[in-house]
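Please open the structure in your viewer and keep the sequence beside it, so that each selection can be checked in both places. The tour goes one stop at a time.

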Amino acid sequence: MKRSVAIGLAVLFLASLVALGITAMSREASSAAPIDVVVLRCAGTGGGEVTVAQSDSSPGAPTFAADTSCASALSSLLKKSFRFQAVHGDDVFLYTMVKP
């Protein structure tokens, strides 16, 4: 009987530690500084230039008008400490840039 009580208390103790750890991790994640995100869809114009076809930015992040040079937009973001989060595409490229 004592053994089953000891095992039950140990399981309860471990479950409490796990619950506290999950709570602490979720608090840490929610208090993290917001990041700036810019998504650029770049496509060729047919004349050899690659321009921004569409863009979307989080509040406070730089914005880019359609027909802006894609290279200029990416260069500007890199100079502002953005980094590549994801790049997808073949003929049309989708760049996701983030700044922590």
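What follows is a walk through a predicted model, from the overall layout to single residues.

**Stop 1: the whole chain**

Begin with the complete protein in a cartoon view, where the secondary structure amounts to two helices and four strands. If you trace the chain along its sequence, these elements come in the pattern α-β-β-α-β-β. The protein has 100 residues, of which 19% count as buried.

**Stop 2: the sheet**

Next, select the four strands together, and you will have an open sheet in the order β2-β1-β4-β3, with antiparallel pairing. Which strands stand at the edges of this sheet? They are β2, which covers residues 50-57, and β3; each has a single partner strand, so one side of each is left without a neighbour in the sheet. If you turn the view to compare the strand directions, neighbouring strands of this sheet are turned against each other by 20° on average, with direction ignored.

**Stop 3: the hairpin of β1 and β2**

Now keep only β1 and β2 in view, which run antiparallel and are joined by seven bridges. For one point of contact, select G44 and then V50, its bridge partner in β2. The two strands form a hairpin with five residues between them, and in the turn you can pick out G46, which has a positive phi of about 95°.

**Stop 4: the hairpin of β3 and β4**

Move on to residues 83-89, which are strand β3, and residues 92-99, which are strand β4; these two pair in the antiparallel sense over six bridges. How many residues does the hairpin use to join β3 to β4? The connection runs through two residues. While these strands are selected, highlight V87, which lies in strand β3, and look across to Y95 in β4, which V87 stands opposite.

**Stop 5: a nonpolar patch on the surface**

Stay with V87 and switch to a surface view, adding L78 and F84 to the selection, since these three residues make a nonpolar surface patch of about 260 Å². V87 itself is partly exposed, with a relative accessible area of 43%.

**Stop 6: the disulfide**

Return to a cartoon view and show the side chains of C42 and C70, which form a disulfide with their sulfur atoms 2.0 Å apart. A search of the whole structure finds one disulfide. Looking along the link of C42 and C70, you have 80° about the S-S bond, and the link is right-handed. What does this pair tie together? C42 lies in strand β1 (residues 36-44) and C70 in helix α2 (residues 70-79), so the pair ties together parts that are 28 residues apart in sequence. If you put the surface back on, bear in mind that C42 is buried and that C70 is buried as well.

**Stop 7: A43 and two residues from loops**

Select A43, which is found in strand β1. Is A43 buried or exposed? Its relative accessibility is 16%, and A43 therefore counts as buried, because buried means under 20% relative accessible area.

From A43, add D91, which lies in the loop between β3 and β4. These two residues, D91 and A43, are 48 residues apart in sequence, yet 6.8 Å apart in space from C-alpha to C-alpha. D91 counts as exposed, at 66% relative accessibility.

Then replace D91 with D67, which lies in the loop between β2 and α2. Here the separation from A43 is 24 residues in sequence and 9.4 Å in space, again from C-alpha to C-alpha. D67 also counts as exposed, at 62% relative accessibility.

**Stop 8: positive phi angles in the loops**

Keep D67 selected and turn from its position to its backbone: phi of D67 is near 75°, which is a positive value in a residue other than glycine. For the last selection, choose S81 in the loop between α2 and β3, where phi is near 70°, likewise a positive value in a residue other than glycine. S81 counts as exposed, at 51% relative accessibility.

Definitions and conventions: Residues numbered from 1 in each chain as written. Heavy atoms only, no water. Disulfide = S-S within 2.5 Å. Buried < 20%, exposed > 50% of the residue type's maximum accessible area, 1.4 Å probe, protein only. Pairing = 2+ DSSP bridges. Axes fitted to C-alpha atoms, helices over the stretch in contact; angles between N-to-C directions. Patch = residues over 30% accessible without salt bridge, like charges linked within 9 Å, V, L, I, M, F, W, Y side chains within 5 Å. Areas by Shrake-Rupley, 256 points an atom, 1.4 Å probe, with all protein chains shown as cover. Salt bridge = Lys/Arg side-chain N within 4 Å of Asp/Glu carboxyl O.
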